[in-house]
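Biologist: I would like to know what stands behind the labels used for this protein. Take me through the reasoning, one label at a time.

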Amino acid sequence: MTGDRITLRGLRAHGYHGVLDHERRDGQTFVIDLDLALDLRPAAEGDQLSRTVDYGALAVRIRDAVESDPVDLIETLADRLASLALCEPAVTWTRVTVHKPHAPVPVPLDDVAVTIERSRP
């Protein structure tokens, strides 16, 4: 695995994920952090967007995935987002963190998050 990375932090999207009725009805903001491992040398040498990841376009796809097709678990959502990231031809590995800062937890806390790592087989 190369040490090169593209990182997106704090991507926000409104989704309807969760197991409780009010989560599905009202939704809430989810915050996504995404790390992508890929060899950035070809893009840097040729100064070509086509040889890297268009992170703006990927961010839109990630946002759209969060905002559609509700699931019960943020674990499932994180896996969905990792699969999207690995659809990028240059990406060999990804780490996705899904933050659910307004999770319905009966004690005060700042955030609940799930982090997964996936790579190409």
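Biologist: What makes Glu-88 and Arg-61 a salt bridge?

Modeller: The closest N and O atoms of the two are 2.1 Å apart. The cut-off is 4 Å, so the pair counts as a salt bridge. Bear in mind that this is a predicted model.

Biologist: Where in the chain do the two partners sit?

Modeller: Glu-88 is in the loop between α4 (74-86) and β3, and Arg-61 is in helix α3 (residues 55-66). The pair links distant parts of the chain, 27 residues apart.

Biologist: Is Glu-88 buried or exposed, and how do you know?

Modeller: Glu-88 has a relative accessible area of 11%. Buried means under 20%, so Glu-88 is buried.

Biologist: Why is Arg-61 called partly exposed?

Modeller: Arg-61 has 33% relative accessibility. Partly exposed lies between the 20% and 50% limits, so the label fits Arg-61.

Biologist: Which residues are joined into one network by salt bridges that share partners?

Modeller: Arg-9, Asp-35, Arg-95 and Glu-117. Within that group, the side chains of Asp-35 and Arg-95 meet at 3.4 Å, N to O. That is within 4 Å, so this pair is a salt bridge too. Asp-35 belongs to strand β2 (residues 28-37) and Arg-95 to strand β3 (residues 93-99), 60 residues apart.

Biologist: How do you know whether Asp-35 and Arg-95 are buried?

Modeller: Asp-35 is at 6%, so it is buried by the under 20% rule. Arg-95 is at 29%, so it counts as partly exposed.

Biologist: How many salt bridges does the structure hold?

Modeller: 12. One of them joins Arg-25 and Asp-26, with the closest N and O atoms 3.0 Å apart.

Biologist: Why do Arg-25 and Asp-26 get separate labels for accessibility?

Modeller: Arg-25 is at 57%, over the 50% limit, so Arg-25 counts as exposed. Asp-26 is at 41%, between 20% and 50%, so Asp-26 counts as partly exposed.

Biologist: Now the interior. What makes a set of residues a nonpolar core?

Modeller: The residues must be buried, of nonpolar type, and joined through side-chain atoms within 4.5 Å. The largest such core has 28 residues. Ile-32, Leu-34, Leu-36, Leu-81, Val-96 and Val-98 have the most contacts inside it. In soluble globular proteins, nonpolar side chains tend to be buried together.

Biologist: Which elements give two or more residues to this core?

Modeller: β1, β2, α3, α4, β3 and β4 (113-119). Helix α4 gives the most, with seven residues.

Biologist: What is Val-96 in contact with, leaving aside its neighbours within four places in sequence?

Modeller: Its partners include Ile-32, Leu-34, Ala-78, Leu-81, Val-114 and Ile-116.

Biologist: Which residues form a nonpolar patch on the surface?

Modeller: Val-19, Leu-20 and Leu-73, with about 250 Å² of accessible area together.

Biologist: What makes Leu-20 eligible for a patch?

Modeller: A patch residue needs over 30% relative accessible area, and Leu-20 has 36%, so Leu-20 passes that cut-off. At 36%, Leu-20 also counts as partly exposed. Leu-20 lies in the loop between β1 (5-15) and α1 (21-26).

Biologist: And the whole chain: how many helices and strands are there?

Modeller: Four helices and four strands. From the N terminus on, they run β-α-β-α-α-α-β-β. Of the 121 residues, 39% count as buried.

Conventions
Residues numbered from 1 in each chain as written. Predicted model: local features only at pLDDT ≥ 70, side-chain atom pairs only at ≥ 80, totals over all residues. Heavy atoms only, no water. Patch = residues over 30% accessible without salt bridge, like charges linked within 9 Å, V, L, I, M, F, W, Y side chains within 5 Å. Areas by Shrake-Rupley, 256 points an atom, 1.4 Å probe, with all protein chains shown as cover. Buried < 20%, exposed > 50% of the residue type's maximum accessible area, 1.4 Å probe, protein only. Contact = heavy atoms within 4.5 Å.
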